[in-house]
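Here are my notes on the model you sent over. Have it open in your viewer while you read.

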Amino acid sequence: MTGPMRLGFHAPESVEELAYLVGEAMDTRTALEVMGRGTKRELGRPVRSGAVVSTESLVGVSLYEPTELVLVVKAGTPLGKIEELLAENDQVLPFEPVDLGPILGYGPGQATIGGAIATNLSGSRRILSGSARDHVLGVTAVNGRGEIIKSGGRVKKNVTGYDIARALAGSWGTLAVMTEIALKVLPAQAETRTVLCFGLPDATGVEAMCLAHGTPFEVSGTLHIHADLAKRFTDEGISGAGTSVTAIRIENLPASARYRANRLRHMLQAYGPGLELETGRSRLFWNEVRTLRMFQKSSNPLWRISTAPSKAAKLVASIARKIEVKPVYDWSGGLVWLETPPLTDAGAVEIRRTLAEFGGHGTLIRADEESRSLIDVFQPLDPPLAALSARLKQAFDPNGVLNPGRMYQGL
């Protein structure tokens, strides 16, 4: 190929067309910004690219076998369309993907399945069902050489020594552009009950969630919400409480879910369980959690912090001594969503210092472009992980044309 690559926006309609575009970018050393429908475009470090390549035209279901619990879908297919199809057969995506679109200025359900897997952002059900990458059966993708690679089924071209599907999940489009994804799906739960406790301090709320998570009742969601953020939910029992809210979800067949919710309330008597949401109210609440409703009416910086549940409340308290924060604890405290004031560094210095003390890692989910350009959006890598990331980048995208610098400078 000769001459410069045509700049601008590209939305190839086939994997072959995408492979040609990426190959041309490699030959001409043209950096490509990779995206689906753009709902996460303002997340991560700004990409300095010569052209944009989108999977938005790669849409549709290639294979769906409800009895086999298998779905094969093109990467640009919106999550909303996939969930509508699954709902017709009383099935769901097991990892309950977080929808960041509404906090970044987009409507719900517009994010693509490719973006969901590329970011590996799993929802509250992760504590029971696992993460997004755990449900990927295979992928077809185009690497930075413009080669079509595939895992799961017959291999067109593999990258020796790597589990392609697991490598691409969480890579944010820096290794390859996924074009088709095979997923395991699960039956939807017939009944959902949510036990609520009110007014618990953060440490006590985390304690109650961990206790519930450790029971044999198959808890599928645990959340502790700061009082100011609880006001932003639709359910008046939550928004009107005027206190922090601790929510614990139980799902299954109706008789089983109700029995286990009652047993759970008995076990949580010391924490004063004050309300139990039935299925309709529960599903509304957890859908609002999934779309991060509690952060939608703000433009303040938002962090996603993973840490040990036993350290979560102390970690947040340590940060709160220096800057004002509003936390939500998910995964029994293993995941903390943290809203900070609109500081120049989005609170990065204090958050990184505290993470170094307590352990864990943090990702800046929402901030203006200037802040994202100046600070580490993703957790800085220890030398061994940095070396591994560099080897992966070299194996998949040796010329660095795919989303250069999106996660880390120089990668």
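The points below go from the whole chain to the two sheets, and then to a few residues.

1. First, the ground rules. This is a predicted model, so to speak of local features a pLDDT of at least 70 is needed, side-chain atom pairs count only at pLDDT 80 or more, and totals for chains, interfaces and linings use all residues. Residues are numbered from 1 along each chain as its sequence is written, and side-chain values use heavy atoms, with hydrogens and water left out.

2. Confidence. The mean pLDDT (the predictor's confidence in each residue, from 0 to 100) of the chain is 94, and 96% of the residues reach 70 or more. Watch residues 153–161, though: pLDDT stays under 50 there, and the model has 14 contacts beyond four places in sequence for this stretch. Contact here means heavy atoms within 4.5 Å.

3. Overall build. The chain has 14 helices and 18 strands; these are DSSP runs numbered from the N terminus, with helices being H or I of at least four residues and strands E of at least two. The radius of gyration is 22 Å, close to the 22 Å from the globule rule for 411 residues, so the chain is as compact as a globular protein of that length. (That radius is taken over C-alpha atoms, and the rule is 2.2 Å times the number of residues to the power 0.38.) Along the principal axes, the C-alpha atoms fill a box of roughly 70 × 50 × 35 Å.

4. Burial and long-range contacts. Of the 411 residues, 56% count as buried, where buried means under 20% relative accessible area, exposed over 50%, and partly exposed in between (1.4 Å probe, protein chains only). Among contacts with a separation of 6 or more, 73% come from residues 24 or more positions apart.

5. The eight-stranded sheet. This open sheet runs in the order 14-11-13-12-16-17-15-18, with antiparallel pairing; two strands pair if DSSP finds at least two bridges between them. Strand 14 (273–277) and strand 18 (361–366) stand at the edges with a single partner strand each, so one side of each has no neighbour in the sheet. Neighbouring strands are turned by 20 degrees against each other on average, direction ignored. (Axes are lines fitted to C-alpha atoms, for helices over the stretch in contact, and angles run from 0 to 180 degrees between N-to-C directions.)

6. What holds on to strand 18, and what lies on this sheet? Strand 15 (302–306) is joined to strand 18 by five bridges, the two running antiparallel, and Arg 304 stands opposite Thr 363 in strand 18. Helix 12 (348–358) packs on the sheet, touching strand 15, strand 17 (335–339) and strand 18, and its direction makes about 5 degrees with that of strand 15. Helix 9 (254–267) lies across strand 11 (191–198), strand 13 (245–252) and strand 14, at about 145 degrees to strand 13.

7. A closer look at helix 12. Its buried residues are Ala 348, Glu 350, Ile 351, Arg 352, Thr 354, Leu 355 and Phe 358. The cover over them includes strand 15, helix 11 (309–320), strand 17 and strand 18. Just after helix 12, Gly 359 takes a positive phi of about 95 degrees.

8. The five-stranded sheet. This one is open too, in the order 4-5-9-7-8, and its pairing is antiparallel. Strand 4 (61–65) and strand 8 (148–151) are the edge strands, each pairing on one side only. Five bridges join strand 5 (70–74) to strand 9 (176–184), and Leu 71 has Leu 183 as its bridge partner in strand 9. Helix 1 (15–28) packs on the sheet against strand 7 (136–143), strand 8 and strand 9, at about 45 degrees to strand 7. Helix 2 (79–88) lies across strand 4 and strand 5, at about 155 degrees to strand 5.

9. Cysteines. There are zero disulfides in the structure, a disulfide being a pair of cysteine sulfur atoms within 2.5 Å. The sulfur of Cys 210 is 13 Å from the closest cysteine sulfur, in Cys 197, too far for a bond. Cys 197 counts as buried at 0% relative accessibility, while Cys 210 is partly exposed at 33%.

10. Ser 371. Where does Ser 371 lie? It lies in helix 13 (369–374), and with a relative accessible area of 5% Ser 371 is buried. Leaving aside neighbours within four places in sequence, Ser 371 is in contact with Leu 343 and Thr 344.
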